[in-house]
Amino acid sequence: MAPTPRSIRILVLRTARENPGWGYRRVRGELLVPGIKVAAPTAWEILREAGMDTAPERSAATWAGLVRSPAEALLAADVTETVTLSGRACLSSR
């Protein structure tokens, strides 16, 4: 088997460093988007040789917290208060 080109190794490591929550499969998948082909076992080996975690632990967030977080952001972004000419306030949503 031919050695992996240095440019591919650099891209795998850079992608993993810039996205610490991604495992080797996600790194490989994201590199496929612009057409950079690297096998999942190769990405795993590159990360392992560099001493990086190949499947990093996810944050300790709960399922309820993950569901609630976007809902709170949507509520904050979609509801606005408008003051009418009569001075009365009314809430509107988009």
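This tour of a predicted model goes from a pair of packed helices to the salt bridges.

**Helices α1 and α3**

Begin by selecting helix α1, residues 6-18, together with helix α3, residues 40-49. Two packed helices are described by the angle between their axes and the distance between the axes. Here α1 and α3 pack at an angle of about 70°, and their axes are 10 Å apart; because angles from 65 to 115 degrees count as roughly perpendicular, the two helices are roughly perpendicular to each other.

Next, show the side chains at this contact, which on the α1 side is made by R9, V12, L13 and A16, and on the α3 side by A43, I46, L47 and E49. Sorted by class, the contact of α1 with α3 has six nonpolar residues and two charged ones, with no polar residue.

**E49 and R9**

Keep R9 and E49 selected, since both belong to the contact just shown. E49 forms a salt bridge with R9, and the closest N and O atoms of the pair are 3.2 Å apart. As E49 lies in α3 and R9 in α1, the pair ties together parts that are 40 residues apart in sequence. How accessible are the two partners, in relative accessible area? E49 is partly exposed, with a value of 49%, and R9 is likewise partly exposed, with a value of 28%.

**R48 and E45**

Stay on helix α3 and select R48 with E45, which form a salt bridge whose closest N and O atoms are 2.4 Å apart. These two residues are three positions apart in α3, so about one helical turn separates them. In relative accessibility, R48 counts as partly exposed at 43%, and E45 counts as partly exposed at 25%.

**R26 and E30**

Now move to helix α2, residues 24-32, where R26 and E30 both lie, four residues apart, or about one turn of the helix. R26 forms a salt bridge with E30, and the closest N and O atoms are 3.0 Å apart. With a relative accessibility of 41%, R26 counts as partly exposed, as does E30 at 32%.

**Looking back**

To finish, display the salt bridges together: how many does the structure hold? The structure holds four, among them the pair of E49 with R9, the pair of R48 with E45 and the pair of R26 with E30. With these pairs on screen, compare the link between α3 and α1 made by E49 and R9 with the pairs inside one helix, R48 and E45 in α3 and R26 and E30 in α2.

Technical notes: Residues are numbered from 1 along each chain as its sequence is written. This is a predicted model: local features need pLDDT of at least 70, side-chain atom pairs count only at pLDDT 80 or more; totals for chains, interfaces and linings use all residues. Side-chain values use heavy atoms; hydrogens and water are left out. A salt bridge is a side-chain nitrogen of Lys or Arg within 4 Å of a carboxyl oxygen of Asp or Glu. Buried means under 20% relative accessible area, exposed over 50%, partly exposed in between (1.4 Å probe, protein chains only). Axes are lines fitted to C-alpha atoms, for helices over the stretch in contact, and angles run from 0 to 180 degrees between N-to-C directions. Angles under 35 degrees count as roughly parallel, over 145 as roughly antiparallel, 65 to 115 as roughly perpendicular and the rest as oblique. Contact means heavy atoms within 4.5 Å. Ala, Val, Leu, Ile, Met, Phe, Trp, Tyr, Cys and Pro count as nonpolar, Asp, Glu, Lys and Arg as charged, and the others, Gly among them, as polar.
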